[in-house]
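Student: I'm new to this one, so could you walk me through it by telling me how each label is earned?
Tutor: Sure, let's have it up in front of us.

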Amino acid sequence: MARYGKTLVVGLGGAIGSGKSVVRDAFGVLGGWETVDCDTEAKALYFAPLVREEIKTRLHFDPLTDGRLDAQLLRSLLAEPGKGEVLEQIIHGALFDLLRQKSLETEGEVLLVESAILFSSGLAGLCDKTIAVIAPQEVRAERAGKRDIGKGADFFRGMEKRQELERKLLGDADYEVSNFGRHSVILQTEQIIKQILKYDRR
């Protein structure tokens, strides 16, 4: 059953370097689904007046410096016990509200939501179905190295550690897309689209 109106909300998750964006685009093109990049949406929320004011009130911290997001200060805050949890609570709450609204406003049959923390953040609970993008660690490390030039192997290892819980929870997904080797993302995407569109939304 669709949780919000007539639109099915499908969550897409995966570890760093798994190729979530590529798979998200495949579903968007092949299924004609509207897609949402939660990382982009979450960053935009720091500029929302109500969210910014809540952060300033509860944490005595302005996430913007000269009108720009202060990424370094945000990382420091997220790493600080207690404050990091409050910041995540604020952003995740605002993001969940935004996604609920998008699901009601979309004109398509399906809204695909991509998130690197789909399960560990609780976002999967808002979804009718979930998809995990899978790739071996060595493949993901190579991809991340090419994409995040200059950040080095320590960056990848740090992300792996932070995403440890998420990687374990990916096994709870309803579907998997193997995004490596000779596996065809297109064929897998087409098969999953057919299965999801058969889902009972009454």
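Student: Why is aspartate 66 called exposed?
Tutor: Aspartate 66 has 79% relative accessibility. Buried means under 20% relative accessible area, exposed over 50%, and partly exposed in between, using a 1.4 Å probe and protein chains only. Since 79% is over 50%, aspartate 66 counts as exposed. One caution before we go on: this is a predicted model, where local features need pLDDT of at least 70 and side-chain atom pairs count only at pLDDT 80 or more, while totals for chains, interfaces and linings use all residues. Residues are numbered from 1 along each chain as its sequence is written, and side-chain values use heavy atoms, with hydrogens and water left out.

Student: Where is aspartate 66 found, and what is its phi near?
Tutor: Aspartate 66 is in the loop between strand 3 and strand 4 (68–69). Its phi is near 55°, a positive value in a residue other than glycine. Helices (H or I, at least four residues) and strands (E, at least two) are DSSP runs, numbered from the N terminus.

Student: What makes histidine 60 exposed?
Tutor: Its relative accessibility is 71%, so histidine 60 falls on the exposed side of the cut-off. Histidine 60 also has a positive phi of about 55°, although it is not a glycine. You'll find histidine 60 in the loop between helix 3 (49–59) and strand 3 (64–65).

Student: Why does leucine 69 count as partly exposed?
Tutor: Because its relative accessibility is 26%, which lies between the two cut-offs. Leucine 69 sits in strand 4.

Student: Which residues is leucine 69 in contact with?
Tutor: Contact means heavy atoms within 4.5 Å. Leaving aside neighbours within four places in sequence, leucine 69 is in contact with Lys43, Tyr46, Phe47, Pro63, Leu64 and Leu74. Take tyrosine 46: it is 23 residues from leucine 69 along the chain, and their C-alpha atoms are separated by 7.4 Å.

Student: How do you know whether isoleucine 90 is buried or exposed?
Tutor: Its relative accessible area is 4%, which is under 20%, so isoleucine 90 is buried. Isoleucine 90 is in helix 5. Not counting residues up to four places away in sequence, isoleucine 90 touches Val51, Glu54, Ile55 and Arg58. Isoleucine 90 and arginine 58 are 32 residues apart in sequence and 9.4 Å apart in space, C-alpha to C-alpha.

Student: And lysine 83, why is that one partly exposed?
Tutor: Lysine 83 has a relative accessible area of 33%, so it falls in between the cut-offs. Lysine 83 also lies in helix 5, and its contacts beyond four places in sequence are Leu59 and Leu77.

Student: How do helix 2 and helix 5 cross?
Tutor: The axes of helix 2 (residues 38–45) and helix 5 (residues 83–105) come within 10 Å and cross at roughly 115°. Axes here are lines fitted to C-alpha atoms, for helices over the stretch in contact, and angles run from 0 to 180 degrees between N-to-C directions. On the helix 2 side, the contact is made by Cys38, Glu41, Ala42 and Leu45. Helix 5 brings Ile91, Ala94, Leu95, Leu98, Leu99 and Lys102.

Student: How many disulfides does the structure hold?
Tutor: Zero. Cysteine 38 is in no disulfide, as the nearest cysteine sulfur, that of cysteine 127, is 8.2 Å away. A disulfide is a pair of cysteine sulfur atoms within 2.5 Å, so a separation of 8.2 Å does not qualify. Cysteine 38 has 3% relative accessibility, so it counts as buried. Cysteine 127, at 3% relative accessibility, counts as buried too.

Student: What makes the buried residues of helix 1 line one face?
Tutor: Helix 1 (residues 20–31) has Lys20, Val23, Arg24, Ala26 and Phe27 buried. Seen down the axis, the buried residues fall within an arc of 155°, so they line one face of the helix. That arc is the one covered by the directions from the helix axis to the C-beta atoms. The face turned away from the buried side of helix 1 carries the exposed residues Val22 and Val29.

Student: What follows helix 1?
Tutor: Glycine 32, whose phi is positive, near 70°.
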